[in-house]
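Dear colleague,

Please find the sequence and the structure below, handed over for you to look through at your own pace. My notes on what turned up follow after them.

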Amino acid sequence: MRVLITGGFGFIGGRLAEYFSLAGHQVVLGSRRQRTTPAWLPHASVSFMDWNDLPALQRTCLGVDVIVHAAGMNAEDCASNPKAALEFNGLATARLLGASCAVGVKRFVYLSTAHVYASPLAGPITEDNPPENHHPYATSHLAGENAVLAATRQDKIEGVVLRLSNAFGAPMHRDVNCWTLLANDLCRQAAVNEKMVLRSSGLQQRDFITMADVCRVVGHLSLLDRRLMLPGVLNVGSGVSRSVLEFAIMIQQRSKQVLGFEPGLYKGVDSDATPHEPLTYICEKLRQTGIRLKSDLATEIDRLLFFCQEAFSGTRS
């Protein structure tokens with residue numbers, strides 16, 4: 001199978017590329033920059049993505065069986081430039097879909113975000129919850145989702161929309177922009193500074209899912225028989241919520257095993273005295289497709305701690 005992964009040099013895209021390559025598939029790394037094949041995935045090919053050139057996008061998609069669309073602007077950049085967020089996360093997604101349909105790509109997997117529902121995420125959340133977050137990161141991803149769902153309803157392509165919860169794990173290289181993610185930041189702090197500083201009490205809840213499980217989900221849904229596909233969007237999370245403080249303590253414990261020391265843990269104080277509402281990110285619809293997640297947080301944390309120690313040694317802040 002030939003798989004095009006947009007954002008292939010990014011955090012999620014890079015890990016997906018590694019996963020598909022190890023599974024024996026032909027991987028094409030899509031990038032908006034002119035790049036050569038990376039040392040971390042020497043068997044992949046690289047394709048320059050000109051998002052404003054439809055014929056060029058069609059040439060990139062030609063001969064591809066599955067597109068995994070992992071390219072997108074992060075939350076911080078979306079907030080600073082809402083217009084660019086809509087143009088890329090929304091319009092560029094629609095443009096890529098058009099190119100995919102024109103050349104006969106079979107399946108299109110779009111990686112969206114759980115944050116389309118609300119910010120902060122709280123309460124029980126299923127795919128039936130209405131999207132109510134008006135942050136440009138959420139609304140622009142929702143525009144991308146709608147483009148995929150429309151093309152699927154029109155039977156132009158087999159579209160899959162995944163709303164990811166808090167994915168974490170080691171990137172493929174140190175320059176990936178993933179260090180503002182809560183879990184990744186905590187592991188980097190632990191490995192580099194031998195301490196972790198929370199900006200709050202840590203009582204807010206998150207659904208942490210390993211990148212290993214995200215890769216398994218995307219691989220499963222990329223190959224799943226069309227007759228077993230479920231319409232609409234799919235929540236992708238572990239289905240288990242933990243407080244940020246609980247997760248930080250887990251990193252402490254793994255650091256002692258992996259790095260040989262237990263980092264200090266310092267908590268902040270919430271500016272809002274309102275109690276934190278529990279979160280239940282319900283992924284029953286995903287389970288109905290036949291996949292069971294491993295939820296091996298310890299192994300993912302270990303890999304991330306090792307990565308941070310090797311990549312950032314000597315950069316104490």
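Throughout these notes, helices are DSSP runs of H or I with at least four residues, strands are DSSP runs of E with at least two, and both are numbered from the N terminus. Please keep in mind that this is a predicted model.

I begin with helix 2 and its surroundings. Just after helix 2, Gly63 adopts a positive phi of about 80°, while at the N-terminal end of this helix Asp53 acts as a cap, with one of its side-chain oxygens 3.1 Å from the backbone nitrogen of Ala56. Within helix 2, which spans residues 54-61, the buried residues are Ala56, Leu57, Thr60 and Cys61. These residues lie on the same side of helix 2, because the arc they cover around its axis is only 135°. In general, an α-helix has 3.6 residues a turn, so residues three or four places apart point the same way. The partners against which the buried residues of helix 2 pack are strand 1 (2-6), strand 3 (45-48), strand 4 (66-69) and helix 4 (82-103).

Gly63 also comes up in connection with strand 1, where Arg2 is located. Arg2 and Gly63 are separated by 61 residues in sequence, yet their C-alpha atoms are 7.4 Å apart in space. Setting aside residues up to four places away in sequence, Arg2 touches Gln26, Val28, Ser45, Leu62, Gly63, Val64, Asp65 and Val66. Is Arg2 buried or partly exposed? Its relative accessible area is 23%, and since buried means under 20%, Arg2 counts as partly exposed.

Next come some backbone features in the loops. As background, most residues other than glycine have a negative phi, and most peptide bonds are trans. In this model, the peptide bond from Ser119 to Pro120 is cis, its omega being near 0°, and Pro120 belongs to the loop that runs between strand 5 (107-113) and strand 6 (123-125). Asp155, although not a glycine, has a positive phi of about 60°; it sits in the loop between helix 5 (136-153) and strand 7 (158-164), and with a relative accessibility of 51% it counts as exposed. Ser295, likewise not a glycine, has a positive phi of about 50°, and at 35% relative accessibility it counts as partly exposed.

Ser295 lies in the loop between helix 9 (284-287) and helix 10, and Thr289 is found in the loop between these two helices as well. Thr289 counts as buried, because its relative accessibility is 7%. Its side chain reaches the backbone oxygen of Leu286 at 2.6 Å, and, leaving aside neighbours within four places in sequence, Thr289 is in contact with His220, Leu221, Leu224 and Leu230.

Finally, there is the packing of helix 8 (residues 244-258) on helix 10 (residues 297-312), with an angle of about 65° and axes 10 Å apart. The crossing of helix 8 and helix 10 is right-handed. Helix 8 contributes Phe247, Met250, Ile251, Arg254, Ser255 and Val258 to the contact, and helix 10 contributes Leu297, Ala298, Ile301, Asp302, Leu305 and Phe306. Sorted by class, the contact of helix 8 with helix 10 holds nine nonpolar residues, one polar residue and two charged residues.

With kind regards

Conventions. Residues are numbered from 1 along each chain as its sequence is written. This is a predicted model: local features need pLDDT of at least 70, side-chain atom pairs count only at pLDDT 80 or more; totals for chains, interfaces and linings use all residues. Side-chain values use heavy atoms; hydrogens and water are left out. Axes are lines fitted to C-alpha atoms, for helices over the stretch in contact, and angles run from 0 to 180 degrees between N-to-C directions. A crossing is left-handed if the near helix is turned anticlockwise from the far one by less than a right angle, and right-handed if clockwise. Contact means heavy atoms within 4.5 Å. Ala, Val, Leu, Ile, Met, Phe, Trp, Tyr, Cys and Pro count as nonpolar, Asp, Glu, Lys and Arg as charged, and the others, Gly among them, as polar. Buried means under 20% relative accessible area, exposed over 50%, partly exposed in between (1.4 Å probe, protein chains only). The arc is that of the directions from the helix axis to the C-beta atoms. A polar contact is a pair of N or O atoms within 3.5 Å; within protein, one must be able to donate a hydrogen and the other to accept it, and residues adjacent in sequence count only if both atoms are side-chain atoms.
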